[in-house]
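Open the model in your viewer and keep the selection tool handy. We will visit some enclosed spaces, then a few strands.

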Amino acid sequence: MLLAAKFARYTLLNPSQVFRELSSERPGELMFRGKDVRQFVVGAISLAAICVFTAAAVAQLPLETQDRKQQEGAQSPAAGGSSTGGAHAAVLDAEKRPITAGGFVKTGPIIFQDIAAKAGLAGWKHEMGTPEKNYILDTIGSGVGLIDYDNDGWLDIYMVNGSTDDAMSGKKPAPHAALFHNNHDGTFTDVAAKAGVQNDRWGFGVAIGDYDNDGWPDIYVSNFGKNRLYHNNHDGTFTDVAEKAGVTLGNWSTGVTWGDYDGDGRLDLFVAGYVHYDLSAQPESGGKAFNFCEFRGERVMCGPRGLKGESDHLFHNNGDGTFTDVSVKAGVADTAGYYGLAAAFVDINNDGRPDLLVADDSTPNYLYLNKGDGTFEDVSYISGYALNKDGRETASMGIAIGDYRNNGLLDLYHTTFSDDYKPLYRNDGDTNFTDISYEANIAEITIPFLGWGTAFFDYDNDGWKDLFTVNGHVYPAVDRTAWGTTWAQRPLMFHNIKGTKFEVVPAVEGTGLAEVMPSRGMAYGDLFNDGKVDAVVNNMDSAPALLRNVTEEQNHWIGFKLVGGAKSPRDAIGATVYLTANGMRQREDVYSGGSFASSSDPRPHFGIGSATSVEKVEIHWPSGAKEEVVPSGVDRIFTVVEGKGIQSAPAGKKP
């Protein structure tokens, strides 16, 4: 009956819509893609003609009967909220705590220690809406940007802040964003006021990129309301030039990414839209128009489902400090009105052009292939990326991007809502993806968690990228339920077993993996230039976490700061680096975005295990040029200038 109804509606679609939709169907558990879909279309439409009378018959039923039948067939615990799987039984630890805030062990490998207080970050606090979280605007949270804003070779930290109704109406001061300058001694100092980057708006996302190719990184901040583009003045200060540049927008923007989509050597800007929102008419649970806002029988804030989506925007860099909105012309405007939360420009099909990923909340994800003529092809369904393995949309929050199998193909991982596993999309080549989360051993453990920031990185430098996520719920009411999930949640680290599967790293009491936090944005990078990848977490209504990597592994590593030439973006966003060492060929890409609302270290980092030398490094620059370099050693960060090879290798200090 369900299949018949789906086929019946295909008679109302044009052929391209039929093709896109059929690529997501799984009749008899079979996934149709590519030419299989094309061969199947004719038969599907024929079957649709046979079955259309069934849909017509259903349409003749009284509306109340239709509603009742839909309710009887509903499997999701969400009603007007987020798309999830069915309700799952609670998972508790030995002390009867939900596994999201428990399951700790007394001994084991120690990966992170939270040094936020010692480092000087704990005096700053994120703030968004009210503690009750009555409205969706109060719940989404904000991101983190890692940026060497003063070009001293050390990563600084930009923390986006939210706001409140009182601040928006002028009754109270606005919460400030923070720019933490790296003091090179393990501490940071907030210089946001001096730098002019406090934002003072309802902030969500951040992306770092040198849009004017002057050698100094700039900051784009997405807000509810007008967005900001902070131009780096080269003297420790920034100027908001968003109005002049034409990139303010004005409703609710979230995930942001920079990328040179047209190959002109200048960074363009993509901004995902979430919900079209009106502060004067906020959707309230139990209201006349929103009495469906429940999750597993509990009244919760409304949305995103049932609310109007906000469109996405692609801004072309004109090279004169201004941008032109080319979203519709390029084919990435999201006319369907999906709820975008994360985005990234990255080369998915290895043709040298940056493609575009958009993770959507409770609606299908987008994968746009760059056609090389200024436009993109929507292959979301055909590729297998739009939906999970069950043919169902997920509440996607963040994207992890990385070649975790060391085969030269980028794989993708999504954080999603609680009561749902988190899909790992294996790249099978030819722009085909397969959801293998269960096969990779990372599905069941993630179901109670509500994930946000996520990334692939090699925490132990063994040459295999591991997977990290931070988590936190959007409904404070979960702490009063027996669902087995919590408002504040611990992070998850999955260790890569040589590209075959992952195993959960135990959360040792008193360490970073046992921190229970209402997390949202997360950015990763080598903050201390010691060759170990750290993580910075923006926590809802709380102080941030600085998870310093304290692993005792003595594996070797190597990092690169890339500087693009005349035909590439100066910061080399869009470059791909292949490194051969220890008998393995690894891949790292330079991109912004991906992890929820956040922008990570732009310097490619490679763990190389016991190797004390590197056989070869091949750089594919955004311009299309390819260059090989041979580093003179390891355990250092090398600067490589396009066409000029290795220029310097600052060793840094170990604070």
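A cavity here is a set of grid points where a 1.4 Å probe fits but cannot get out, and its volume is the space filled by probe spheres set on those points. By that reckoning, the second largest cavity of this predicted model has a volume of about 80 Å³.

**Stop 1: the second largest cavity.** Select His 88, Ala 89, Ala 90 and Val 91, then add Arg 296, Ser 418, Asp 419, Ile 447, Pro 448, Trp 483, Gly 484 and Thr 485; these residues line the second largest cavity. Colour them by class and you will find six nonpolar, four polar and two charged residues.

**Stop 2: the largest cavity.** The structure holds six cavities of 30 Å³ or more, and the largest contains about 360 Å³ of space. Which residues lie nearest its centre? Select Tyr 524, Glu 588, Asp 601, Arg 603 and His 605, which hold that place among the 32 residues of the lining. That lining divides into 15 nonpolar, nine polar and eight charged residues.

Now show the strands that supply at least two lining residues each: strand 21 (398-402), strand 25 (451-457), strand 29 (519-525), strand 32 (556-563) and strand 34 (584-589). Strand 25 gives the largest share, four residues.

**Stop 3: strand 38.** Stay with strand 32 for a moment, as it leads to the next selection: strand 32 pairs with strand 38 in the parallel sense over five bridges. Look for Leu 562, which stands opposite Val 640 in strand 38.

Next, select residues 637-641, the whole of strand 38. Is this strand mostly covered or exposed? Mostly covered: five of its five residues are buried. Ile 637, Thr 639 and Val 641 point one way, while Phe 638 and Val 640 point the other way, and all are buried.

Move along to strand 39 (residues 645-648), which runs antiparallel to strand 38 and is joined to it by three bridges. Thr 639 stands opposite Ser 648 here. The two strands form a hairpin with three residues between them, and in the turn Gly 643 has a positive phi of about 80°.

**Stop 4: an open sheet.** Finally, find the four strands that form an open antiparallel sheet in the order 17-18-19-20. Its edges are strand 17 (340-346) and strand 20 (376-378), each pairing on one side only. On average, neighbouring strands in this sheet are turned by 20° against each other, direction ignored. Zoom in on strand 17 and strand 18 (residues 355-360), which are joined by six bridges. Gly 340 stands opposite Asp 360 in strand 18.

Definitions and conventions
Residues numbered from 1 in each chain as written. Predicted model: local features only at pLDDT ≥ 70, side-chain atom pairs only at ≥ 80, totals over all residues. Heavy atoms only, no water. 1 Å grid on protein atoms, 1.4 Å probe; cavity = no way out; pocket = protein on both sides within 12 Å on 5 of 7 lines; lining within 4 Å. Nonpolar A, V, L, I, M, F, W, Y, C, P; charged D, E, K, R; others polar. Pairing = 2+ DSSP bridges. Axes fitted to C-alpha atoms, helices over the stretch in contact; angles between N-to-C directions. Buried < 20%, exposed > 50% of the residue type's maximum accessible area, 1.4 Å probe, protein only.
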